[in-house]
Every structure is written in structure tokens, then in C-alpha cells.
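Thank you all for making the time this morning. Please take a moment with the sequence and the structure before I begin, and then we can go through them together.

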Amino acid sequence: MNKIPVGILGATGMVGQQYIALLEGHPWFEVRYLAASPRSAGKQYSDAVFGRWHATGNAAGFSGFSDAVGKLIVQDANDVAKAEAAHKKGDLAFVFSAVALSKDETAKLECDYAAAGIPVVSNNSAHRSDPDVPMLIPEINAAHTGIIPSQQKNHGWDKGFIVVKPNCSIQSYMIPVYALMKAGYAIDKMFITTMQAVSGAGYPGLSSLDLIDNIIPHLAGEEEKSEKEPLKIFGSIEGGEIVSAKKPVISAHCNRVPVVDGHSACVSLQFATGAGSVGTAKPSLEEIASIWRNFKSLPQELQLPMAPEHPIILRKEADRPQPRLDRNNDKAMAVTVGALRPCNLFDIRFTGLSHNTVRGAAGGGILNAELLKAQGFIN
Ligand code: NAP
């Protein structure tokens, strides 16, 4: 099979590098177009990332780039005409977007690519709240891609479109929470405290003097994203837009901690019972464990290469999950949960963990693109 030629905007950054490492040897996609800031444009990729390579690598333990990728000349991501020319020549089918620009600049740039006929699979937050842009965690809301034709119609785009993935930290608990909802247990309230890794802030990120021996209890915008984005993901397509769910009510505390990779979250849940709520009974801890162990949401016949075999891995030990021990579980695409126990304020509490630059960024983006290919949106 001829591989689909893909591009990466922001190819020199933390997330862009992870894309390159993860796509090495990918059965469907081949990296053929790289773009970053004007500072890197014109350089050979190997020179552009020299001294700042941080990707942890793919499931085969590969954490570099091939000679072919190293020799690609980095383009200016703002030069959409250049990408359009590559697209027309058949050298670029779609782009993964991981540029670090302002929200407005990113929003415009991604629209310009879509207007040029190039689908955009984005890691950025600029379009996450657009009601016609699907924000995907394929195990939960693969059907939200059904909004793409409305998005194209709204913008007058022919072949281009934008899909996004959510904030990296919510991926540490969204699938386990959804698994309980799917099993019939509606959730009323969610209280979350995140412990987010430094790689989540990009490179060079925080200075070591700010971070070592320290915890930063404020990450601009993260709490708002953590409280809003799950509701859109749990929402449904109605009248040509994605309408967010009303529940659960979420309160989030987000902290930066001195961990290199892997976002953790302590989560307390209150199930909905009684008048006005959907569910009628609360699951036992044994039932929750069984729901998580048996959760397999993606239709197996899709055979998406980046999909984890076990999207949720439950650890029984009281002191797991831990970032160093659990972030790479199942291609670093699984959410590892543990410390499941009763909660004195709500019903249950647990700790979730996922790899922020893989499941929470590049791996999640690749899984979204695989879903789009399987559904016929990109080819
Ligand atoms: P990063 O390490 O700072 O990399 C930023 C990338 O953007 C670099 O390739 C950089 O190119 C490029 N860039 C900077 N200014 C530019 C400009 N004016 N025009 C075009 N390109 C420009 O950031 P990151 O951590 O990879 O994050 C990238 C995006 O993904 C951000 O929106 C971030 O919020 C999102 N995200 C990150 C994570 C994570 O875990 N890190 C998770 C989810 C989502 P140069 O190297 O040439 O400067």
C-alpha cells in the first residue's frame, strides 16, 4: 500500500518531535513535509533540532528520526502557499498541527490550511470550542466526525477541515469516566486535581530554578479547559453543531510538578441518583474494576495502528499509577488507573495517568488521523 504523505506544523517542538518519532515505520502514514517558525525555516531538519531533541520514542523504542526525515528542509509554517503546492503535487495529504502561536494566530493559520484544501489534525486549543469542530478521543466520541460536512459548509471549504484533540491532562481520566457512563452510571459531579509534567509546557518550558523542589499551583487556562472540554466530548451532534452535555459539574485544580512526562490526576466522582438524574444505582468498587478491565470501545475491525489494546489499565497496588512506571503502558496510549477507593465527600476516588506528549498530544493526534482515514475523511 502506498503510504499517505503527511506534514507536521511545529515539527521542531516537543510535540512535533514526538510525532516524528511515533510516525517512524507507521503502516499508513509517511512524514514528507515539515514546518516550524521562520527561525527554523530553510534548515535541514537534523540541524534544526540539533541539541534540543526530546522525543521519548515509539513502541519499538525508537526515539530518533530516519535519514530521510533528517534531510527534509524545514518550511515556514506560515507559508500556506508552499504547503498548498506540495498538496497539489500529491506530496502532502494532511497536516498535524502543533505550532506554538497565539490563539488568534493559530486559529487563522489552521483555517488557512483548511481553506487551501488541506485537512488539519490539531493539537492546539484555538478551535476546541468551535461548535462545528470535533474534539476527539476516538474511544469516546468517534461519531463526532459526523459534524465535518457541516463545518465545511459553514466555511465554504471543499476538501479541507479541522479536527482537534482535547487538552492533554483530561486524557488521564476521560476514558475511565466515560467507561462508567457507558455502563449506565451517570455522573453528577467530578472533582479533579492534576499533577502535570513539565514537558506539557513545551521546550524549554519552565526554568529549573522555578521547578526543582517545587510545585506550581497555576497553569494559565488549564482549569477552564478541564472544566469545559469534557462536556463537549460527552456532548452530541444536534442541528448541525456539537451541543455540550450539561453534566457532570466539574471542579479542577491544575498543578505543574517536577515530572518529565506523564500527567496524573486525582479524581473524585459523585454518581447521579434520584430525581432528575439518569442513573438509579451506584456501582460497587468491584463492578467499576470489572468495567474498566473489560473496556474496549473502538470497533476492533477498524484496526487503528495507534489504538491501545487496553485503553484502561487498572493497577491493584495501592501505590500505582506512577509516571515513571506506568506512562509507557500499551504504546504510551493507555490510561492507567489505580488507588480506586470510596470517597468521603463523593462516591469514589481514583488516580489516573497518561503520557502527555503521546496519548495527550502526538499519539492522540495520530489516532485521530487513523480514525479519519478509517472513516474515509482522509485518503
Ligand atoms: P514547543 O516545544 O514550544 O514547540 C513549538 C513549535 O511551534 C516549534 O516547532 C516552533 O518552531 C513552532 N513555532 C513557534 N513560533 C512559531 C511561529 N511564529 N510560526 C510558526 N511556528 C512557530 O511547544 P509544544 O509543547 O510542542 O506544543 C505545541 C502545541 O501543542 C501548543 O499549542 C501546545 O499547547 C499543544 N500541546 C502540547 C502538549 C504537550 O504535552 N507539550 C500537549 C497537548 C497540546 P521553532 O522550533 O522554529 O521555534
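What share of the 379 residues in the protein chain do buried residues make up? The answer is 54%, and I should say at once that this comes from a predicted model, so every value I give you is computed.

Let me begin with the chain as a whole. Its secondary structure comes to 14 helices and 14 strands. The radius of gyration is 20 Å, close to the 21 Å that the globule rule gives for 379 residues, and the chain is therefore as compact as a globular protein of that length. If you look along the principal axes, the C-alpha trace spans about 60 × 50 × 40 Å. As for how the chain meets itself, take the contacts between residues at least 6 apart in sequence: 77% of these join residues at least 24 apart.

Turning to the surface, the chain exposes about 16100 Å², of which carbon and sulfur atoms supply 51%. There are 36 positive and 37 negative side chains, and the centres of these two sets lie 2 Å apart.

Now, please find the open sheet of six strands, whose order is E3-E2-E1-E4-E5-E6, with parallel pairing. Its edge strands are E3, residues 75–76, and E6, residues 162–164, each of which pairs on one side only.

Within this sheet I would like to start from strand E1, residues 4–9, where six of the six residues are buried. In a regular strand the side chains alternate between the two faces of the sheet. In E1, Ile 4, Val 6 and Ile 8 point one way, while Pro 5, Gly 7 and Leu 9 point the other way. On one side, E1 is joined by six bridges to strand E2, residues 29–36, and the two run parallel; here Pro 5 stands opposite Glu 30 in E2. E1 also pairs with E4, again in the parallel sense, over four bridges, and in that pairing Val 6 stands opposite Phe 94.

Strand E4, residues 94–97, is covered on both faces, with Phe 94 and Phe 96 buried on one side and Val 95 and Ser 97 buried on the other. Three bridges join E4 to E5 in parallel, and Phe 96 stands opposite Val 121 in E5. From strand E5, residues 120–122, three further bridges lead to E6, also in parallel, with Val 120 standing opposite Ile 162.

Let me finish with two residues outside these strands. Thr 145 has its place in the loop between helix H6, residues 138–141, and helix H7, residues 148–155. Is Thr 145 buried or exposed? Its relative accessible area is 3%, and because the cut-off for buried is under 20%, Thr 145 counts as buried. Leaving aside neighbours within four places in sequence, Thr 145 is in contact with residues including Pro 134, Leu 136, Leu 371 and Phe 377.

The other residue is His 155, which lies in helix H7. With a relative accessible area of 39%, His 155 is partly exposed. Not counting residues up to four places away in sequence, His 155 touches Cys 111 and Asp 132. Lastly, His 155 and Glu 241 are 86 residues apart along the chain, and their C-alpha atoms are separated by 13 Å.

Note on methods. Residues numbered from 1 in each chain as written. Predicted model: local features only at pLDDT ≥ 70, side-chain atom pairs only at ≥ 80, totals over all residues. Heavy atoms only, no water. Rg over C-alpha atoms; globule rule 2.2 N^0.38 Å. Buried < 20%, exposed > 50% of the residue type's maximum accessible area, 1.4 Å probe, protein only. Contact = heavy atoms within 4.5 Å. Areas by Shrake-Rupley, 256 points an atom, 1.4 Å probe, with all protein chains shown as cover. Lys, Arg positive; Asp, Glu negative; His and termini not counted. Charge placed at Lys NZ, Arg CZ, Asp CG, Glu CD. Pairing = 2+ DSSP bridges.
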